[in-house]
Amino acid sequence: MTSSEIDGDGRDPLFRYDQPIFANEDILKISHLPGPDKIVGRDDHMAKVAQALNPAIFGREPTHLFIFGKTGSGKTLTARLVSERLQNEARNEEVEVQIAVIDCGEQNTEASVIKTLASQVNNPHKSGMTIPERGLSTGDYYNRLWQVLDTCSDVAIVILDEIDMLRDDEVLRKLSRAGENQKIVDSRLGIIGISNKIDYPEELTERVKSSFSHDELVFPSYDANQLREILENRRDAFKPGVLTDDVIPLASALAAQEHGDARKAIDILRNAGRIARKENAEKVTDDHVRAAKEKSEADRFSELLEGTATQSKAILYSLVLQTGGRKTAEITTNKIYRQYLQVADDLDMDQLSERRVQELLQELDFLNVIQSEVRGRGRGQGVHGTHRLLEDPDIVKRVLLRDSRISTLESDE
């Protein structure tokens with residue numbers, strides 16, 4: 001780096017050192033735990049979680065609990081906060097409570113759950129052992145877990161987030177019966193399973209149903225006023241005076257339209273701030289909020305399409321073209337297929353059969369990318385499929401054009 005590339009105070013001008021928008025952006029992370037006085041609309045739910053966990057304060061086994069509710073309804077936040085408050089109270093009784101939070105969307109096998117649980121609870125100085133990343137059988141990981149629990153905790157609270165993503169629910173049976181089967185002697189274990197699917201318990205195997213005794217708790221979605229309060233509680237993420245008066249009301253109202261998702265509300269607010277910063281704006285305005293909502297929707301839709309084959313994207317692009325920009329437009333399989341043949345030709349791709357295109361449309365329906373229906377044409381005239389987008393066509397098109405191959409279609413137009 002030459003001296004001409006360094007400014008007067010020795011800073012590299014390539015980078016930015018001021019923070020005109022954010023005071024503490026970490027407050028807008030989903031993982032951020034606000035203070036107990038800033039948990040909105042969940043007093044009764046916190047009390048019920050606390051009631052289930054209460055025996056742990058005195059070293060006794062808590063009640064196992066399933067928590068249900070839509071994404072962004074505060075399930076995980078409440079479970080974590082109550083568990084941490086219990087952990088602090090238990091210390092007053094000289095009881096060591098350990099907390100493990102496992103994302104079953106990432107750790108979805110029996111072995112990975114046990115390994116992660118053991119790693120989070122383990123204190124090598126107490127247990128005298130390590131938990132290797134690989135190289136042990138599932139049974140060996142269980143053996144190490146039992147020893148870790150008995151030596152490192154009086155009670156362990158295990159939070160299994162997105163529990164419905166587990167490939168095998170046998171882990172629930174073994175964990176819940178560890179004390180009864182004398183696998184652990186000096187420790188107790190409590191399980192909190194969190195899911196968006198209220199019917200998840202019905203999907204459990206009969207062995208688990210018969211042995212896993214638990215209570216259930218349902219979290220409702222937030223309304224617009226509650227979302228507004230949640231965002232107000234995170235205002236400190238921004239510098240004073242940066243947010244215009246309509247930013248938080250608009251962000252909460254937009255999120256309320258999407259099933260009261262607090263995560264989405266926070267995501268919109270954070271992205272609004274980032275967009276304002278990128279534009280070198282002095283304030284975050286309602287225009288930034290609307291742009292942030294579009295970005296949030298595009299990012300979420302991009303996640304849905306992650307790993308999708310180019311052929312499926314070409315079919316989806318064909319549907320977008322046929323909608324004429326109308327989200328509610330219902331397009332027949334035949335029309336999509338005719339458009340797809342042109343798109344495939346433009347991309348110099350192999351042209352799939354109409355039957356195969358129909359199968360890929362069904363896969364997109366399964367992924368909640370589109371909604372498909374089969375309708376009768378009338379007596380003796382057979383049936384036909386119709387398909388419509390579940391997202392704004394402009395957003396779908398913008399996400400599809402992130403694919404370098406699909407993007408050549410735009411340059412050809």
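What follows is a chat between a student and a tutor about a predicted model.

Student: Let's start with the overall picture. How many helices and strands does the protein have?

Tutor: There are 17 helices and 8 strands in the protein. Keep in mind that this is a predicted model.

Student: And what box do the C-alpha atoms fill?

Tutor: Roughly 75 × 70 × 50 Å, taken along the principal axes.

Student: What share of the residues counts as buried?

Tutor: 45% of the 413 residues.

Student: OK, salt bridges. How many are there?

Tutor: The count comes to 21 salt bridges. One of them pairs E25 with R274, where the closest N and O atoms are 2.6 Å apart.

Student: Where do those two partners sit in the chain?

Tutor: E25 is in the segment before helix 1 (43–53), and R274 is in helix 11 (residues 262–278), so the salt bridge ties together parts that are 249 residues apart in sequence.

Student: Is E25 buried or exposed?

Tutor: Buried, because its relative accessible area is 18% and the cut-off for buried is under 20%. R274 has 37%, so that one is partly exposed.

Student: Which residues are linked with E25 in a network of salt bridges?

Tutor: R274 and R277 are linked with E25 in that network.

Student: Give me another pair that joins distant stretches of sequence.

Tutor: Try E294 and R398, which form a salt bridge with the closest N and O atoms 3.4 Å apart. E294 belongs to helix 12 (residues 286–305) and R398 to helix 16 (residues 393–400), so this pair ties together parts that are 104 residues apart in sequence.

Student: How accessible are E294 and R398?

Tutor: E294 is partly exposed, with a relative accessible area of 41%. R398 is partly exposed too, at 37%.

Student: What about R235, which residue does it form a salt bridge with?

Tutor: With E232, and the closest N and O atoms there are 3.0 Å apart. R235 has 34% relative accessibility and counts as partly exposed. For E232 the value is 34%, again partly exposed.

Student: Back to helix 11 for a second. Anything else there?

Tutor: R263 is in helix 11. Its C-alpha is 9.1 Å from that of K29, while the two residues are 234 residues apart in sequence. R263 is partly exposed, with a relative accessible area of 38%.

Student: Now the opposite kind of pair. How far apart in space are L53 and P20?

Tutor: They are 43 Å apart, C-alpha to C-alpha, with their positions 33 residues apart in sequence. L53 lies in helix 1, and at 1% relative accessibility L53 counts as buried.

Student: Switching to the surface. Which residues gather in a patch of negative charge?

Tutor: D199, E202, D215 and E216 gather there. Of these, E216 is in strand 5 (residues 215–218).

Student: How accessible is E216?

Tutor: Its relative accessibility is 47%, so E216 counts as partly exposed.

Student: Cysteines next. How many disulfides turn up?

Tutor: A search of the whole structure finds 0 disulfides.

Student: So are C104 and C152 buried or exposed?

Tutor: C104 is buried, with a relative accessible area of 0%. C152 is at 3% and counts as buried as well.

Student: Last topic, backbone. What is phi for Q182?

Tutor: Near 60 degrees, which is a positive value in a residue other than glycine. That stands out because most residues other than glycine have a negative phi.

Student: Where is Q182 found?

Tutor: In the loop between helix 6 (170–176) and strand 4 (188–195). Q182 is exposed, with a relative accessible area of 56%.

Student: I also have D348 on my list. What's its phi?

Tutor: About 55 degrees, so to speak on the positive side, although D348 is not a glycine. D348 is found in the loop between helix 14 (333–346) and helix 15 (354–366).

Student: And is D348 buried or exposed?

Tutor: Exposed, because its relative accessibility is 71% and the cut-off for exposed is over 50%.

Key: Residues numbered from 1 in each chain as written. Predicted model: local features only at pLDDT ≥ 70, side-chain atom pairs only at ≥ 80, totals over all residues. Heavy atoms only, no water. Patch = residues over 30% accessible without salt bridge, like charges linked within 9 Å, V, L, I, M, F, W, Y side chains within 5 Å. Areas by Shrake-Rupley, 256 points an atom, 1.4 Å probe, with all protein chains shown as cover. Salt bridge = Lys/Arg side-chain N within 4 Å of Asp/Glu carboxyl O. Lys, Arg positive; Asp, Glu negative; His and termini not counted. Charge placed at Lys NZ, Arg CZ, Asp CG, Glu CD. Helix = DSSP H or I, 4+ residues; strand = E, 2+ residues; numbered from the N terminus. Buried < 20%, exposed > 50% of the residue type's maximum accessible area, 1.4 Å probe, protein only. Disulfide = S-S within 2.5 Å.
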